[in-house]
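Please walk through the model below, going from the overall layout to single residues.

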Amino acid sequence: MIRFLINTAIYFAAALVGIIAADAILPGFSVTGWISYVTVAIIFALIQAVLAPFIAKMAEKNAPAFMGGIGLVSTFVSLLITSLIAGSLTIDGASTWLAATVIVWLFAAVAAFLLPFLLVKKVVNERRD
């Protein structure tokens, strides 16, 4: 149960990092209000968690050539649904949609990779003291 909660927290934090990065980098990507970042990240992470395995299974069955881009596809679809649900997220223009998909996917993936190492380092340092 603890492992599940830690993984959930890391997944949410990674989504939050991706959303913040896209907002900071892209002028057509906007999240209004700091509480909205949390809301958007929660909605995005939940949708992503549900859609990614579904999209992967469909691609594996019907279009195996797309398996490498499943993360990008599920990120795009999750951003689309999140923007429809959360009025505080706006993405303007096709180029912003494409760039936002790549930025959110990339920053979230890097954060999801690095956060466990940072947490383990912190726990180890605390236990040494």
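**Layout, surface and selected residues**

The protein has 4 helices and 2 strands. The coordinates come from a predicted model. Read from the N terminus, the order of elements is α-β-α-α-β-α. Taken along the principal axes, the C-alpha atoms fill a box of roughly 50 × 40 × 20 Å.

Two totals describe how the chain is packed. Of the 129 residues in the protein, 35% are buried. Among contacts with a separation of 6 or more, 70% are between residues 24 or more positions apart.

The accessible surface amounts to about 8200 Å², and carbon and sulfur atoms account for 74% of that area. As for charge, the protein carries 7 positive and 5 negative charges. The mean positions of these two sets lie 13 Å apart.

Part of the surface is a nonpolar patch. Its members are V17, I25, L72, V102, W105, L106, F107, V110, F113, L114, F117 and L118, and together they have about 1100 Å² of accessible area. Which elements each supply at least two residues of the nonpolar patch? They are helix 1, covering 2-25, and helix 4, covering 94-128. Helix 4 gives the most, with 9 residues.

Two patch members in helix 4 can be looked at individually. F113 lies in helix 4 and is exposed because its relative accessibility is 54%, above the 50% cut-off. L114 is also found in helix 4. The relative accessible area of L114 is 40%, so this residue counts as partly exposed, a class that spans the values between 20% and 50%. F113 can also be placed relative to A14: the two are 99 residues apart in sequence, while their C-alpha atoms are 8.8 Å apart in space.

T96 is another residue of helix 4. Is T96 buried or exposed? It counts as buried, because its relative accessibility is 12% and the limit for that class is under 20%. Leaving aside neighbours within four places in sequence, T96 is in contact with L26, G28, F29 and I91.

Helix 1 offers a second pair of residues to examine. I2 is found in helix 1, and its relative accessible area of 61% is why I2 is classed as exposed. In sequence, I2 and W97 are 95 residues apart. The separation between the C-alpha atoms of I2 and W97 is 36 Å.

D23 also has its place in helix 1. With a relative accessible area of 18%, D23 is buried, since the class takes in values under 20%. What does D23 touch, not counting residues up to four places away in sequence? The contacts are F29, S30, V31 and Y37. F29 also appears among the contacts of T96. D23 and I103 are 80 residues apart along the chain, and their C-alpha atoms are 9.6 Å apart in space.

Taken together, the residues above give several views of the two helices that each supply at least two residues of the nonpolar patch. In helix 1, I2 is exposed and D23 is buried. In helix 4, T96 is buried, L114 is partly exposed and F113 is exposed.

How values were computed:
Residues numbered from 1 in each chain as written. Predicted model: local features only at pLDDT ≥ 70, side-chain atom pairs only at ≥ 80, totals over all residues. Heavy atoms only, no water. Buried < 20%, exposed > 50% of the residue type's maximum accessible area, 1.4 Å probe, protein only. Contact = heavy atoms within 4.5 Å. Areas by Shrake-Rupley, 256 points an atom, 1.4 Å probe, with all protein chains shown as cover. Lys, Arg positive; Asp, Glu negative; His and termini not counted. Charge placed at Lys NZ, Arg CZ, Asp CG, Glu CD. Patch = residues over 30% accessible without salt bridge, like charges linked within 9 Å, V, L, I, M, F, W, Y side chains within 5 Å. Salt bridge = Lys/Arg side-chain N within 4 Å of Asp/Glu carboxyl O.
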